[in-house]
Amino acid sequence: MNVTLKVNGTTVSHDVEPRLHLADFLRENVLLTGTHLGCEQGACGACTVLLDGDPVRSCIVYAVACEGREVETIEGFDSDETMVELRAAMTKHHGLQCGFCTPGMMLTARDIVKRVPDAGEQRIRQELSGNICRCTGYMGIVAAIRSVLAERAGVTPRAKDASRSKSFPGVQRTERALQDE
Ligand code: FES
Ligand code: FES
């Protein structure tokens, strides 16, 4: 079947098997390998891309179902203002190690920043629950997102939801790290 869609603003068209999922389409037909594949069952979030602006797991979306639609992958956010802020924050807070989860994590993080600007730590962790990271323990990732939200809101993150931190082991260390900045 032929499928035509926009990827990062460019129209692409390929003949594909109807069963081809969007992640393989992006990696093998469009040659954008920033979208990673982990579980291929919709569980880990490594393959997250934006479809018409919403995060989706590209391993459980058929490429042919994206006919006429707009897909954005991690490669499409080089100069995106929110992603620039998140990249700096992830670096500062050591939010990645091996980096395998990072493309999907960044797209989810950007969605949180744009959609839930008042998210506290607990809400951020809930929003991130569909993106699995096996390296970082999430502390740096959460701290990075919190710091971007706090900077945008002009507040200090630790004061905002310190009371909600108790249910997450290790969060106090994050609070102290943020205080120390
Ligand atoms: S590879 Fe798609 S959710 Fe894990
Ligand atoms: S940084 Fe390695 S899986 Fe997240």
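## Exercises on a predicted fold

In α2, the buried residues are Leu-86, Ala-89 and Met-90. The model they belong to is a predicted one, so let's work through it step by step, starting with that helix.

### Exercise 1: The two sides of α2

Task: Find where the buried residues of α2 fall around its axis, and check the length of the helix.

Solution.

Step 1. Begin with the length. Helix α2 covers residues 81-92, and its 12 residues at 1.5 Å a residue should span 16 Å. The C-alpha atoms at its ends are 17 Å apart, which agrees.

Step 2. Now look down the axis. The buried residues of α2 fall within an arc of 100 degrees, so they line one face of the helix. A general rule helps here: an α-helix has 3.6 residues a turn, so residues three or four places apart point the same way.

Step 3. Turn to the other side of α2, where Glu-81, Val-84 and Thr-91 are exposed.

Step 4. Ask what covers the buried residues: the cover includes α3 and α5, the latter being residues 139-153.

### Exercise 2: Just past the end of α2

Task: Decide whether Gly-95 is buried or exposed, and list what it touches beyond its sequence neighbours.

Solution.

Step 1. Place the residue. Right after α2 comes His-94, with a positive phi of about 55 degrees. Gly-95 sits in the loop between α2 and α3.

Step 2. Count neighbours. A residue is buried if 20 or more other C-beta atoms lie within 10 Å of its own. Gly-95 has 25 C-beta neighbours inside 10 Å, so it counts as buried.

Step 3. Collect the contacts. Setting aside neighbours within four places in sequence, Gly-95 is in contact with Met-90, Thr-136, Gly-140, Ile-141 and Ala-144. Met-90 is one of the buried residues of α2.

Step 4. Add one distance. Gly-95 and Val-142 are 47 residues apart along the chain, yet their C-alpha atoms are separated by 7.9 Å.

### Exercise 3: Assembling the sheet

Task: Work out the order of the strands and pick out the edges.

Solution.

Step 1. Write down the order. The 5 strands form an open sheet, β2-β1-β5-β3-β4, with mixed pairing. The edge strands are β2 (10-15) and β4 (54-57), each of which pairs on one side only. On average, neighbouring strands of the sheet are turned by 40 degrees against each other, direction ignored.

Step 2. Take the β2 end. Strand β1 (residues 2-7) runs antiparallel to β2, and 6 bridges join them. Val-3 has His-14 as its bridge partner in β2, while Val-7 is partnered by Thr-10. The hairpin of β1 and β2 has 2 residues between the strands, and Asn-8 there takes a positive phi near 50 degrees.

Step 3. Take the β4 end. Here 4 bridges join β3 to β4, again as an antiparallel pair, and Val-49 stands opposite Val-56. This hairpin has 2 residues between its strands, and Asp-52 takes a positive phi near 50 degrees.

Step 4. Move inward. Strand β5 (residues 70-72) runs antiparallel to β3, with 2 bridges between them; Leu-51 stands opposite Val-71.

Step 5. Check the exposure of one edge. Of the 6 residues of β2, the number buried is 0, so β2 lies largely in the open.

Step 6. Look at what crosses the other end. Helix α3 (residues 102-115) lies across β3 and β4, at about 45 degrees to β3.

### Exercise 4: The core and the whole chain

Task: Identify which element gives the largest share of the largest nonpolar core, then summarise the chain.

Solution.

Step 1. Find the best-connected members. The core holds 41 residues, of which Leu-22, Leu-86, Ala-144 and Ile-145 touch the most other members.

Step 2. List the contributors. β1, α1 (22-29), β3, α2, α3 and α5 each give two or more residues to this core. The largest share, 7 residues, comes from α5.

Step 3. Zoom out. The protein chain has 7 helices and 5 strands, following the pattern β-β-α-β-β-β-α-α-α-α-α-α along the sequence.

Step 4. Finish with two totals. Of the 181 residues, 36% count as buried. Among contacts with a separation of 6 or more, 61% are between residues 24 or more positions apart.

Notes
Residues are numbered from 1 along each chain as its sequence is written. Chains are lettered from A and ligands numbered from 1 in the order in which they are written. This is a predicted model: local features need pLDDT of at least 70, side-chain atom pairs count only at pLDDT 80 or more; totals for chains, interfaces and linings use all residues. Two strands pair if DSSP finds at least two bridges between them. Axes are lines fitted to C-alpha atoms, for helices over the stretch in contact, and angles run from 0 to 180 degrees between N-to-C directions. Two residues are in contact if their C-beta atoms, placed from the backbone, lie within 7 Å. The expected span of a helix is 1.5 Å times one less than its number of residues. A residue is buried if 20 or more other C-beta atoms lie within 10 Å of its own, exposed if 12 or fewer, and partly exposed in between; C-beta atoms are placed from the backbone. The arc is that of the directions from the helix axis to the C-beta atoms. A nonpolar core is a set of buried Ala, Val, Leu, Ile, Met, Phe, Trp, Tyr and Cys residues joined through C-beta atoms within 7 Å.
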